[in-house]
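Biologist: I've got the sequence and the model open, and I'd like to go through them with you. Shall we pull them up?

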Amino acid sequence: MSDDIKDIASQLIIAEDFRPEKMTIIPISQRPIFPGMMIPLILTGDIMIDSAQEIMDSPNKIGGVVLIKNQHDGMARSEDLYHVGVAVKIIKITPVDERTVQVMLNAIGRFTLKSVVQNEPIIRWNVENYYEAEFKPTDEMKAYSMAIISSVKDLIKTNSLFQEELKLFLNRFSVEDPGKLSDFVASMTQAESGEIQDILETFDVRHRVKKVLILLKKEIELNKLQKKITQQIEEKISKQQKEFFLREQLKEIKKELGLEKDEKSTEIEKFQEKIEKLKLTEEAAKKIDEEMNKMRLLEPHSAEYGVSRNYLDWLTSLPWGINSEDNYDISKARAILDRDHYGLDDIKDRILEFIATGKMKGNISGSIICFIGPPGVGKTSIGKSVAEALNRKFFRFSLGGMRDEAEIKGHRRTYIGAMPGKIIQSLKTVGVSNPVIMLDEIDKIGASFQGDPASALLEVLDSEQNSAFLDHYMDVRFDLSNILFIATANTMDTIPAPLFDRMEIMKLSGYILEEKVQIAKKYLVNKQLAEHGLKKNMAKIDTSALKKMIDGYAREAGVRSLENNIKKIMRKVTKRFAEGNTEPVCVTEDNLEEFLGKPRFTDESLYDKSIAGVVMGLAWTSMGGTTLYIESTGIHTKVKGFKQTGQLKDVMRESSEIAYTYIQSRARDYGIDEDYFANHYIHLHVPAGATPKDGPSAGITMATSLYSLAKLKQ
């Protein structure tokens, strides 16, 4: 046969291998498929299933499979796919569920995109098919093929997962067919999908074989590194296991020789040592003895052992019979109170009287004090000072927002994660049975379906009952009568009546301007200088500035807002020094606004007190109190009338009407023209209209305003 005839014969295509130039495309997302492979493919979604079914229904059952290049959540389009794919023949479609099928594919050969026929919903391309010609390998190609086979064998030594593939590989391929050999090996590696796609797009067999060989070498190195890491981990685990077994053996040997005890014995001895230091009640001693006997019978690895151990730990950690020695030195207590607080002389006297009574009795048992006052007046800090004056330990917890009774009386031990209530926890923390316990924000205690904590506190704060307080978790009575309870509240209205009745009330009304000035000078300024890293000579706030600050920026009853304003000044001073300023900063009345901005409050100088109908009164506010002006004016009309504005509530509106009626009824007595009200429509206004106002005490002020109007305008 001549050479021309051989070339023609090599270019002929067997009819069954003929592939159409227009194909339906199935996008895949994981790895490309190579010619010569027969694999199952899982397809999900209506469009994918329709594409597969369309190929299956075609005469030759041939379509295209192309790897997605740009992954995203939506359906893939032609621009998201690589341009080189594999023609496949669908052998069988098997439904898995309503939206999933398994398709058995036989990959035939490569193709390249020529043009896009349809992009959605089903992708259809015009393609140029590539038919791999019969390749006669040279010695060089045989050497490359042998190198590939050798590398595959090396890969199996490092990764046993490839053993089955190797058997298939050795049975199907030889050095005489390097194209199929390289395709199969590329599909077998764990390389990235982009690298494998590069092999698929390499049509020249020589270049393809070289690329596959490089890919194999990388795979071998990666597997060697993985094997090394695995070996190191196994060696470490083996070493740890060996050490564990040796330690266990050493424990058993020491136990046999009497040199060491097991965990259970150690725990029991620890509890016995703690018990010897306590003065247990008969009930507590009996309960601990029962629990110790129970613990001796339990295995350390059982769940019940952990529960029993925790319970014993709580029982033996409570300060049974352990008290701190009280200090009844009145002069020392006075010195501590004066050191920590300025003013509040009436409260200090009450506290000193309280300590003096304890000195005469010999104890301060059964005492429950409640400090009531606005925020920032020093309720909590006075409690700390009382504890220090008495030489007692101090523990504070907040009742604000507490809604669960178990927070006070504990959870029953049947629940997972059960623990005692706050009272028992505080006793374990302080380590004595006569501390000072502060119950902060007692007026803000809540209630829910889990119980009412206020009702649970009734037993705690009742001197007749708390000598035998029973916590649900402890299930043993504990004497709380030696504890000095100090509660704090902002208002007494929301404290439940039975709870209120059990406490001795001490009211802290707040500080006047002069007291605030002294508090700022003696405590707040020095404290903030230290907290901001400033020396005393670096910043100074003079008295006039402090007075203006209190009057214009911090009118509340306490000093918290005043301290916040001093902090603001110190931050600005700190910034100046950080920026390179070396001059001391003096805050005066004139430059105060540079540091704090415009004042929040204005004084009564804005009003002309000589105007008829304008009268000053006093009003209660959340910040303690303020002045409140009431303005009245009259409009001459033929019909009399009375109108009130300023968001007055029912009680205050009634007070204004009583004042109006009263002034009318006594007009002759006060020298007022009796026809004035008959010929005038009176309008009474209370400024700050955005603020709701109510209360019975403004009646006299309103009456004075109406009297002033009628007397001076007649």
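Biologist: Let's start in the strands. How many residues of strand β12 (residues 484-489) are buried?

Modeller: First, this is a predicted model: local features need pLDDT of at least 70, side-chain atom pairs count only at pLDDT 80 or more, and totals for chains, interfaces and linings use all residues. Residues are numbered from 1 along each chain as its sequence is written, and side-chain values use heavy atoms, with hydrogens and water left out. Strands (E, at least two residues) and helices (H or I, at least four) are DSSP runs numbered from the N terminus, while buried means under 20% relative accessible area, exposed over 50% and partly exposed in between (1.4 Å probe, protein chains only). On that basis β12 is mostly covered, and the number of buried residues is six of six.

Biologist: Which residues of β12 point the opposite way from L484, I486 and T488?

Modeller: In a regular strand, side chains alternate between the two faces of the sheet. In β12, L484, I486 and T488 go one way, and both sets are buried. The set pointing the other way is F485, A487 and A489.

Biologist: Who are the neighbours, then? Which residue of β12 is the bridge partner of F371?

Modeller: Two strands pair if DSSP finds at least two bridges between them. Strand β7 (residues 368-372) runs parallel to β12 over five bridges, and β9 (residues 436-440) is also parallel to β12, over four. In the β9 pairing, V436 sits opposite L484. In the β7 pairing, F371 is matched with T488.

Biologist: Just past β9 I see an odd backbone angle. What is phi of E441?

Modeller: E441 falls in the loop between β9 and α16 (453-460), and at 26% relative accessibility E441 counts as partly exposed. Its phi is positive although the residue is not glycine, with a value near 55°.

Biologist: On to β18 and β19. Is the β-α-β crossover between them left-handed or right-handed?

Modeller: β18 (residues 641-645) and β19 (residues 680-685) pair in the parallel sense over five bridges, with Q644 opposite L684. A crossover is right-handed if, with the strands pointing away from the viewer, the path from the first strand over the helix to the second runs clockwise. Here the chain goes from β18 through helix α22 (residues 650-665) to β19, and the crossover is left-handed.

Biologist: H680 is in β19 too. Which residue's backbone oxygen lies 2.8 Å from a polar atom of the H680 side chain?

Modeller: H680 lies in β19 and is buried, at 13% relative accessible area. The backbone oxygen in question belongs to Y676.

Biologist: Now charges. How many residues apart in sequence are the parts tied together by E120 and R77?

Modeller: A salt bridge is a side-chain nitrogen of Lys or Arg within 4 Å of a carboxyl oxygen of Asp or Glu, and the whole structure has 29. E120 and R77 form one, with the closest N and O atoms 3.3 Å apart. E120 is in the loop between β5 (100-118) and β6 (123-129) and R77 in the loop between β3 (62-67) and β4 (84-97), so the parts they tie together are separated by 43 residues.

Biologist: Which residue joins R77 and E120 in a network of salt bridges?

Modeller: E120 is exposed, at 53% relative accessible area, whereas R77 is partly exposed, at 29%. The network they belong to also includes E79.

Biologist: What is omega of the peptide bond between E120 and P121?

Modeller: P121 is in the loop between β5 and β6. The bond joining E120 and P121 is cis, with omega about -5°.

Biologist: And the E267 salt bridge: is E267 buried or exposed?

Modeller: E267 pairs with R309, the closest N and O atoms being 3.1 Å apart. That links helix α8 (residues 263-276), which holds E267, to helix α10 (residues 303-317), which holds R309, 42 residues apart. At 13% relative accessibility, E267 is buried.

Biologist: Last one. What is the area of the nonpolar surface patch made by L225, I229, I233 and I237?

Modeller: Patches take residues with over 30% relative accessible area and no salt bridge, joining like charges within 9 Å and nonpolar side chains (Val, Leu, Ile, Met, Phe, Trp, Tyr) within 5 Å; areas come from the Shrake-Rupley method with a 1.4 Å probe, and for residues only the protein chains shown count as cover. I229 belongs to helix α7 (residues 205-257) and is partly exposed, at 42% relative accessible area. With L225, I233 and I237, I229 makes a patch of about 350 Å².

Notes:
Polar contact = N/O pair within 3.5 Å; in protein donor to acceptor, adjacent residues only side chain to side chain.
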